Amino acid sequence: MKISFLIHNAYGIGGTIATTFNLAHALAERHEVEIVSVLRHRERPNFTLDPKVSLRPLVDLRQEKEHPLHLRPARVFPRAEYRYRQYSELTDQRIGECLATIDADVVIGTRPGLNVHLALQTPRHVGRIGQEHLTLDNHPPRLRNALRRAYRRLDVLTTVTEADAAAYRRKMRLPGVRVEALPNSVPDPALPAADGTAKVVVAAGRLVPVKRYDLLIQAFAVVAAERPDWQLRIYGKGEEHDRLRQLIVDLRLWNNVFLMGAAAPMEAEWVKGSIGAAASNFEPFGMTIVEAMRCGLPVVSTDCPYGPGEIIKDGVDGRLVPVGDRDALGAALLDLVRDDDRRRRMGRAALENAGRFAPGPVVEQAERLLAEAVTARQAGRPAAQERARAGRVLVSQGFAARDAAFGAASGALRIVRKGQR
Amino acid sequence: MSVEQHREPPRVACVVDADGRITFDLPPGSAPGQQLLLRLRPKKGQPEKDLHLLDLEPVDDGRQRVVLGPQPVLTEGRWDVYLIPEPGSGRQRLRPGPRDLRTLVDGHPPDRQTPLAVRIPYATLDGYLAVRAWLRPAHAEVGALDLTDRSMTVDARLHGATFQEGAVVRLRRRGSSGTVLTLEPEVAQDGRGFSFTVDHGELAAATGTESGVWNAFVEPAVQAPAIRIARLLDDVADRKDVYVYPTATVDGAVLRPYYTVDNDLSVEVRTGVV
């Protein structure tokens, strides 16, 4: 099969990029795989790309940032999408050309706005797979409306959790579209697993408010007070950096808590620790949790929607604590810091249980979905047979009506605001 | 340039063991007879003079490997790592693969052998493999820093020397003035651990009206050679932006302890800050 991924920016750092590269590498064993990156802002990607996978940027921001078409707003890419401001008539045009002339058997979109491009612009004979790395419930109503219309033209829609797949089935009416949870995969680690002796807690991710590194630092104060020989290392960069630095100073934690900067890949950093930590308010999947577990670290995480609860088995291979609860997070960390045996036991369980996120099983499922999309296109019939029950239709129409009302209301609000100016 | 050099350079995996030896592993598929070249990065405009060639040996799975033991001794600095694909051919820089440095993280055996040789494989800013090396006849390793508005107290430990009568800590002002501030360390029972406290007001007064930087040394006995106070004994090759301490303001001067690009401890005093 010839497979093309369409991604926002393959040159950055983040869970979607990491998992797309992982899946692309694994598929490249048996298929011809390319990654089309809408944007490019640097010479080479942060993550290493297997030479078997080709990479094709569409808009190079180093030269085309001021391109006249790039200064005009996008019309195909949906306005309600989070990254709308980074898209333009130029991206509309380049993505459209790319899809119109694509020689792949199947194209995989990796974010809502790109899935819309796929739905509208992919030639009839090419399979269309939309991947959702975010969650339906967290999308604004106007985006849900745009997606509800466009996603009907996909063959397959994958989410990263069962919970989110259930939400799509329940709240969107997508007849003939196969909706299935395809978890992110994490490659088999090249390094031996952590042995649980290091006095280091490790966290990784972009330094943005939703990741709640502020909460993690506050929670770690309890650990540092009782066990000053332990440290917390936070890897990543982002807008919260200076505020987190100030928090470390305010809490007098400069001997124990360190902002390490970005590291990609993280593997060699995970194995320096013996506990992983995640404090997010919202985590569609939780790639770093799986990465840490695959390196033999038990992970203490908030039980936020949706990822962590589908990855961590509380008390077995990690701990789940209520969202935003500093004291519970601190207590769970301290429990594992104090109890060497339990920490090592849970680390071994994490290593074993995270095996289900190895590329093997995930890629098998992905290949089956790709084949279904291609077959459906060739046969001219839907990838999923509709098993519509009246009840389900009514339920999804209810959600659609509510989103439409929200959309209309926020539209009205904009008009009012305009009138006031 | 040969075809070889156009290709994406190979990624080299590194493992540091408990004794500080570095194993370099090249991916399978490379021809036998290759060598690694370690080159001390010269100062701008200077010729390179410190070079070490290491023979790669094939191992079972088709990889090529070389172990960098205590010999050759690496002089202090940044060593770039190159591949010599065949004897006499041009050299090729290498990309870093996974660097397993876990043994360094907690690398504080109570007493390190001296001269102290620390070697940390790291990725350069432009993404190539290099080794950061320190080589010191004796060493004072910084631990925790306690900071208040009025003073800073530094915990540290001597390696390769013991305290005797007349030990002092000296803050030496950088530049030509040669100004020195002498402090009395508090020495632990074992004659190795020590701490010293810097009075911010005193340091600000000694700095005067011009901003300055003070480097920290310890002299463990009368007339003993000065030992630079630094933090070298873990996996962090570039500490400056990771171990960051708060500033204190005294009499219009802003003081801040920090690690230099060589991971040595210094105190910056900025005056005339509005």
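## Where the two domains of chain A meet

In this predicted model, 21 residues of domain 1 of chain A are in contact with 14 residues of domain 2 of chain A. On the domain 1 side, the elements that give two or more residues to this contact are α1 (15-27) and α6 (162-171) of chain A. Sort the residues on that side by character and you get eight nonpolar, 10 polar and three charged.

As for the bounds, the domain assignment of chain A has domain 1 in two pieces, 2-185 + 362-411, with domain 2 covering 200-357. Taken over C-alpha atoms, the centres of domain 1 and domain 2 of chain A are 30 Å apart.

## Chain A as a whole

Chain A adds up to 15 helices and 13 strands. Its C-alpha trace spans about 60 × 60 × 55 Å along the principal axes. How does the radius of gyration sit with that of a compact globule? A compact globule of 421 residues would come in near 22 Å, and chain A has 22 Å, so the two agree.

## The seven-stranded sheet

Chain A has an open sheet of seven strands in the order β3-β2-β1-β4-β5-β6-β7, with parallel pairing. The edges are held by β3 (54-60) and β7 (178-181) of chain A, each of which pairs on one side only. From one strand to the next, the twist averages 20 degrees.

For a look at one pairing, take β5 (residues 127-131) and β6 (residues 156-159) of chain A: they run in the parallel sense and share three bridges. Here A:G130 stands opposite A:L157 in β6(A). Two helices that pack on this sheet are worth picking out. Helix α3 (residues 89-100) of chain A touches β2 (32-40), β3 and β4 (106-109), and its direction makes about 145 degrees with that of β3(A). Then there is α6(A), which touches β6 and β7 of chain A and makes about 160 degrees with the direction of β7(A). This α6(A) is also one of the elements that domain 1 of chain A brings to its contact with domain 2.

## The six-stranded sheet

Chain A also has an open sheet of six strands, ordered β10-β9-β8-β11-β12-β13, again with parallel pairing. Why do β10 (257-261) and β13 (318-321) of chain A each have one side without a neighbour in the sheet? They stand at the edges with a single partner strand each, so nothing in the sheet flanks the other side. The twist here averages 20 degrees from one strand to the next.

Within this sheet, β8 (residues 200-204) and β9 (residues 231-235) of chain A pair in the parallel sense over five bridges, with A:A204 opposite A:Y235 in β9(A). Helix α7 (residues 213-226) of chain A packs on the sheet, touching β8, β9, β10 and β11 (275-278), and its direction makes about 170 degrees with that of β8(A). Helix α12 (residues 326-338) of chain A lies across β8, β11, β12 (299-302) and β13, running at about 170 degrees to β12(A).

## A helix crossing in chain A

Besides its part in the domain contact, α1(A) has a crossing with helix α14 (residues 359-379) of chain A: the axes come within 10 Å and cross at roughly 80 degrees. Angles of 65 to 115 degrees count as roughly perpendicular, and α1(A) and α14(A) are therefore roughly perpendicular to each other.

Which residues meet at this crossing? From α1(A) there are A:N22, A:L23, A:A26 and A:L27, and they meet A:P359, A:V363 and A:A366 in α14(A). That makes six nonpolar residues, one polar and no charged.

## Chain A against chain B

Between the chains, 18 residues of chain A are in contact with 17 residues of chain B. On the chain A side, α8 (241-250), β10 and α9 (267-270) each supply at least two residues. The largest share, four residues, comes from β10(A), one of the edge strands of the six-stranded sheet. By character, this side of chain A divides into 12 nonpolar, two polar and four charged residues.

## The two domains of chain B

Chain B is assigned domain 1 (3-136) and domain 2 (139-270), and their C-alpha centres lie 32 Å apart. Domain 1 of chain B puts 15 residues into the contact and domain 2 puts in nine.

On the domain 1 side, α2 (102-105), β10 (116-123) and β11 (129-136) of chain B each supply at least two residues. Of these, β10(B) gives the most, with four residues. The residues on that side come out as eight nonpolar, three polar and four charged.

Key. Residues are numbered from 1 along each chain as its sequence is written. Chains are lettered from A and ligands numbered from 1 in the order in which they are written. This is a predicted model: local features need pLDDT of at least 70, side-chain atom pairs count only at pLDDT 80 or more; totals for chains, interfaces and linings use all residues. Two strands pair if DSSP finds at least two bridges between them. Axes are lines fitted to C-alpha atoms, for helices over the stretch in contact, and angles run from 0 to 180 degrees between N-to-C directions. Two residues are in contact if their C-beta atoms, placed from the backbone, lie within 7 Å. Ala, Val, Leu, Ile, Met, Phe, Trp, Tyr, Cys and Pro count as nonpolar, Asp, Glu, Lys and Arg as charged, and the others, Gly among them, as polar. Domain bounds come from an automatic or database domain assignment. Angles under 35 degrees count as roughly parallel, over 145 as roughly antiparallel, 65 to 115 as roughly perpendicular and the rest as oblique. The radius of gyration is taken over C-alpha atoms; the globule rule is 2.2 Å times the number of residues to the power 0.38.
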